[in-house]
Amino acid sequence: MASAHYPFTAVVGMDDMRLSLLLNAISPGIGGVLVRGEKGTAKSTLVRSLSALLPSLDVVADCRFSCAPEAPDAECPDGPHEPGTGVSRPTRLVELPVGASEDRLVGALDIEKALAEGVKAFEPGLLAQAHRGILYVDEVNLLHDHLVDLLLDAAAMGASHVEREGVSVRHAARFLLVGTMNPEEGELRPQLLDRFGLTVEVAASREPEQRVEVVRRRLAFEDDPAGFAARWAGEEAALRERIVAARELLPQVVLGDAALLQIVATCAAFEVDGMRADIVMARTATALAAWAGRTEVTSDDVRQAALLALPHRRRRAPFDAPGLDEDKLDETLEQFKGEEPDEDPEPDGPGDGGPGGGGGGGGGGIPPQGEGPAAERDGAAPEESPAPTSAPQGGGSGPGERAAVKAGEPFRTKMLSVPGLGEGAAGRRSRARTAHGRTTGATRPRGALTKLHLAATVQAAAPHQKARGRSGPGLVVRRDDLRQATREGREGNLVLFVVDASGSMAARQRMSAVKGAVLSLLLDAYQRRDKVGLVTFRGRDAEVALPPTSSVDAAAARLEQLPTGGRTPLSAGLLKAHDVLRVERLRDPSRRPLLVVVTDGRATGGGKDPVGLAARAARLHAAEGTAAVVVDCETGPVRLGLAGSLARDLGGTAVTLDELRADSIAGLVRNVQGNSSTRRAA
């Protein structure tokens, strides 16, 4: 017996997320939902419960690609199928793991059979399994970029193409795409954000009554899953019927000229790039009208569609928070408001989900939740509380400490890269052996063959053709002949910033320039798909202001709050960085680090011989081969050159703030080339 899922209608709050999922279930052409929010907010629970709400599907028997029996795909790899009756099965929820390979996603071709027998032996991937169902990607922001590109291309085209060395297979892949992510763990690129139809932000309710009800229902479900699901079966059945009714009504909904003008005017007013937002808003507004039981789109539908479809497309820069100015939205809608269609009477539907029913002003309303606390019955959305801010420590507040200053304007930096050839996660910084990139050679495959080197395979098989009894034009290929292509591309690195926040850096104009430089390097790390970490030192000690993370936004926020003052425990900062890198090498040994020390090189704290201690700490990094660059913040007509000495001890390179700029005339070696003789001596 299958385990019971937590009922969709039993989830407390989460109004925007529930509505977005239902709109995509009604009109899959909207393009899916991206759910952003903190951990522990029932994102995954709500997505998994959606599949039980969707109607069963009729599929061709024994078709691995879920072809519809009344209109089978003419290019189905399992075809051709004769139109007729099929078998019924529930709608699938297919989950894509973060660590999935490309073959697991799109499917795998047996190259050996293709070469030796001319047979297209294709093993379907997750895209085929998700056809006509739901494809769920938890932590989509941690998925490799090339997998996200493949996923979104298939979602946009409704088909998946697999090609290996001239052998290709195409199959239908239409699905409801749902991605969830915690922004603290890193953002999606703007180009990928734009490909999701709708985006919603979720947060745990701060209302005690709602939190009590969440706990009560969860405990009741865990005590008796089947019994809990049975108590909500009526609500689930009623919502399922309403989804079916909205799907049937959708083709009859009219998007009038007035509503269409409001849609395009809103997208133009918010300076949204391209036309995808206009199309998504139109589809969303139409689905909202169908969900509300109406046959014409209203201004309320357009407003609700804008709130769901535009915030993530308004992210103008990597460190900007997604959002929408609702006052500006209302002004735009009012300015382009035409004659409103007459409101249809409320549809006969379960609960309070009709137009105006608990929708917080939205045109489509909110799905019913059954009996619960007053806040839940009224459709009250969870309140969002501002993110807590913690003042950096590192010596505490004391005499001479100065308040944080605003960062200077960021600029485009010269690329710093780790020398050598790595094997880390795909990115855009340092040279590495990767699954994608230019072919540099061939090797025997370890495990399944993924990228065939055709010329090397033919060369390996050619000497054995007579012994293998070749008689026809085909090449007799054995598994031992197959050669895997080795490729070189770029990897992402761990960029660990060690920032001097001592009194010697505390001049307001100087610290503003330093923060601007670090912010620029963070922006560069964001674009190159690096992980970042932040260590600061001042006063008596150093602290890890941000452990290594994929969230460059979090690093920028910590940098903005950084105060200055006190002595300069440079050795403590370097030793703290050494501890961080030691732990990270155990956690992720394939990701190579790049140490960026931002300082003027002075050392005035941390022991009796602060300069000697700093030099010894730097040589620890050099001995382990850590690539390092020192951003020299020293200013004024007389320079001591201490940052240069520190760079030599690190076995790295020193660069001034001016030289860091990409448009600087001063030359800078792009690779952070360590002093090889220093490293050998160490």
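Which handedness does the crossing of helix 13 and helix 14 have? The crossing is right-handed, and the sections below start from that helix pair before moving on to the sheets. Please keep in mind that this is a predicted model.

## Helix 13 against helix 14

Helix 13 covers residues 299-309 and helix 14 covers residues 326-335. Their axes come within 11 Å and cross at roughly 145°. From helix 13, the residues making the contact are S299, V302, R303, A306 and L307; from helix 14 they are E326, L329, D330 and L333. Sorted by class, this contact has 5 nonpolar, 1 polar and 3 charged residues.

## The parallel sheet

Let's turn to an open sheet of 5 strands, whose order is 4-7-10-1-11 and whose pairing is parallel. Strand 4 (93-95) and strand 11 (198-202) each have a single partner strand, so one side of each is left without a neighbour in the sheet. On average, and ignoring direction, neighbouring strands here are turned by 20° against each other. Helix 1 (residues 15-26) packs on this sheet, where it touches strand 1 (33-37), strand 10 (176-181) and strand 11. The direction of helix 1 makes about 155° with that of strand 11.

Strand 7 (residues 134-138) is a handy place to follow the register. Strand 4 pairs with strand 7 in the parallel sense over 3 bridges: L93 stands opposite I134, and V94 stands opposite L135. Strand 7 is also joined to strand 10 by 5 bridges, again running parallel, and there L135 has L177 as its bridge partner. L135 thus appears in pairings with V94 and with L177. Of the 5 residues in strand 7, 4 are buried, leaving the strand mostly covered.

## The mixed sheet

Another open sheet has 6 strands in the order 17-16-15-18-19-20, and its pairing is mixed. Its edge strands are strand 17 (541-549) and strand 20 (653-656), each of which pairs on one side only. The average turn between neighbouring strands of this sheet is 20°, direction ignored. At the strand 17 edge, strand 16 (residues 531-538) pairs with strand 17 in the antiparallel sense over 6 bridges, and V532 has T549 of strand 17 as its bridge partner.

Helices pack on this sheet too. Helix 18 (residues 552-560) touches strand 16 and strand 17, and its direction makes about 15° with that of strand 16. Helix 21 (residues 642-650) touches strand 18 (593-599), strand 19 (627-632) and strand 20. The direction of helix 21 makes about 175° with that of strand 19.

## A buried histidine in a loop

Is H81 buried or exposed? Its relative accessibility is 17%, and because the cut-off for buried is under 20%, H81 counts as buried. H81 sits in the loop between strand 2 (57-59) and strand 3 (87-89). Leaving aside residues up to four places away in sequence, H81 touches V60, C63, C67, P72 and C76.

## Confidence in the model

The mean pLDDT of the protein is 80, with 82% of its residues reaching 70 or more. Where does the pLDDT stay under 50? One such stretch is residues 344-365, for which the model has 54 contacts beyond four places in sequence. Another is residues 674-682, where the pLDDT is below 50 and the model has 11 contacts beyond near neighbours in sequence.

Notes:
Residues are numbered from 1 along each chain as its sequence is written. This is a predicted model: local features need pLDDT of at least 70, side-chain atom pairs count only at pLDDT 80 or more; totals for chains, interfaces and linings use all residues. Side-chain values use heavy atoms; hydrogens and water are left out. Axes are lines fitted to C-alpha atoms, for helices over the stretch in contact, and angles run from 0 to 180 degrees between N-to-C directions. Helices (H or I, at least four residues) and strands (E, at least two) are DSSP runs, numbered from the N terminus. A crossing is left-handed if the near helix is turned anticlockwise from the far one by less than a right angle, and right-handed if clockwise. Contact means heavy atoms within 4.5 Å. Ala, Val, Leu, Ile, Met, Phe, Trp, Tyr, Cys and Pro count as nonpolar, Asp, Glu, Lys and Arg as charged, and the others, Gly among them, as polar. Two strands pair if DSSP finds at least two bridges between them. pLDDT is the predictor's confidence in each residue, from 0 to 100. Buried means under 20% relative accessible area, exposed over 50%, partly exposed in between (1.4 Å probe, protein chains only).
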